[in-house]
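Trainee: Could you take me through the packing inside this protein, one residue at a time if need be? I'd like a close look at a single part of the interior and what surrounds that part.

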Amino acid sequence: IAKVMQSNHFSYEIIFIDDGSTDDSWTIIEQLSNKDANVKGIRFLKNFGKSQALHAGFEKAQGDVIITMDADLQDSPEEIPELYRLIKVEGYDLISGWKQKRFDPITKTLPTKLFNWATRKISKIQLHDFNCGLKSYRSDVVKSITVYGEMHRYIPFLAKNVGFNKIGEKVVSHQARKYGVTKFGLDRFINGFLDLATLAMISKFGRRPMHFFGL
């Protein structure tokens with residue numbers, strides 16, 4: 001990441017979120033921060049999940065453009081300059097990565113296809129890959145939304161609900177996972193759809209609350 005940022009002459013900060021890891025992740029983050037003032041860290045004492053981690057990062061971030069990236073090394077930092085350009089030059093509010101060619105097991109890809117189909121239908125946002133961790137945002141987008149539960153899957157929907165409508169996508173490279181194992185499971189799949197139902201209800205009745213009561 002640092003190499004890409006420096007070669008493009010960006011001013012930048014890198015914020016690592018340690019979501020209750022039980023290995024030496026925090027020690028490594030501290031070492032990196034001591035060597036590079038651009039590196040910062042937030043440490044959770046237990047695992048709170050991706051939504052809470054993103055929310056903490058969004059609160060701390062100071063840049064004009066915020067780019068999120070998972071720490072499993074499946075995303076490429078070389079995507080950053082174009083993600084930045086689409087926000088700053090093309091004027092998008094949010095760009096979502098699209099892992100057109102995936103290297104995940106079928107137990108993850110099939111539910112993901114169903115999830116994306118359902119989210120497109122309900123949100124009316126034509127994205128192929130809502131849950132891609134590689135995204136770029138105008139700073140006021142991340143400062144205007146609250147991410148909780150499993151809502152990280154629906155950040156474009158959250159952004160649309162608060163008035164950000166210029167939402168696009170970019171095909172991004174995806175690499176096979178080398179380390180660790182995915183935390184995806186049936187419980188997260190079910191919780192994700194429950195959150196989608198909640199968000200759909202809020203989207204429909206949030207601005208006209210009395211319609212909920214049939215008035």
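Mentor: Happy to, and let's start with Leu94, keeping in mind that this is a predicted model. Beyond its neighbours within four places in sequence, Leu94 touches Ile87, Ser136, Tyr137, Ile155, Pro156, Ala159, Lys166, Ile167 and Gly168. Apart from the core that Leu94 belongs to lies another one, of 8 residues, including Leu86, Ile87, Ile95 and Leu134.

Now for the core of Leu94 itself. The largest nonpolar core holds 22 residues, and Leu94 is among those with the most contacts inside it, along with Phe58, Ile66, Tyr137, Val147 and Ile155. At least two residues of this core come from each of α3 (50-60), α6 (139-142) and α7 (155-161). The largest share, 4 residues, is supplied by α7. As background, nonpolar side chains in soluble globular proteins tend to be buried together.

Two of the partners of Leu94, Tyr137 and Ile155, lead us on to an empty space. A search of the whole structure turns up 1 cavity of 30 Å³ or more, and the volume of the largest cavity is about 70 Å³. Tyr137 and Ile155 both line this cavity, together with Lys50, Leu54, Thr68, Asp70, Phe130, Asn131, Cys132, Gly133, Lys135 and His152. Both α3 and β5 (135-138) contribute at least two residues each to that lining. Sorted by class, the lining has 5 nonpolar, 4 polar and 3 charged residues. So Tyr137 and Ile155 are worth picking out on your screen: they are in contact with Leu94, rank among the residues with the most contacts in the largest core, and line the largest cavity.

Methods: Residues numbered from 1 in each chain as written. Predicted model: local features only at pLDDT ≥ 70, side-chain atom pairs only at ≥ 80, totals over all residues. Heavy atoms only, no water. Core = buried A, V, L, I, M, F, W, Y, C linked by side-chain atoms within 4.5 Å. Buried < 20%, exposed > 50% of the residue type's maximum accessible area, 1.4 Å probe, protein only. Contact = heavy atoms within 4.5 Å. 1 Å grid on protein atoms, 1.4 Å probe; cavity = no way out; pocket = protein on both sides within 12 Å on 5 of 7 lines; lining within 4 Å. Points joined across faces, edges and corners; volume = space filled by probe spheres on them. Nonpolar A, V, L, I, M, F, W, Y, C, P; charged D, E, K, R; others polar.
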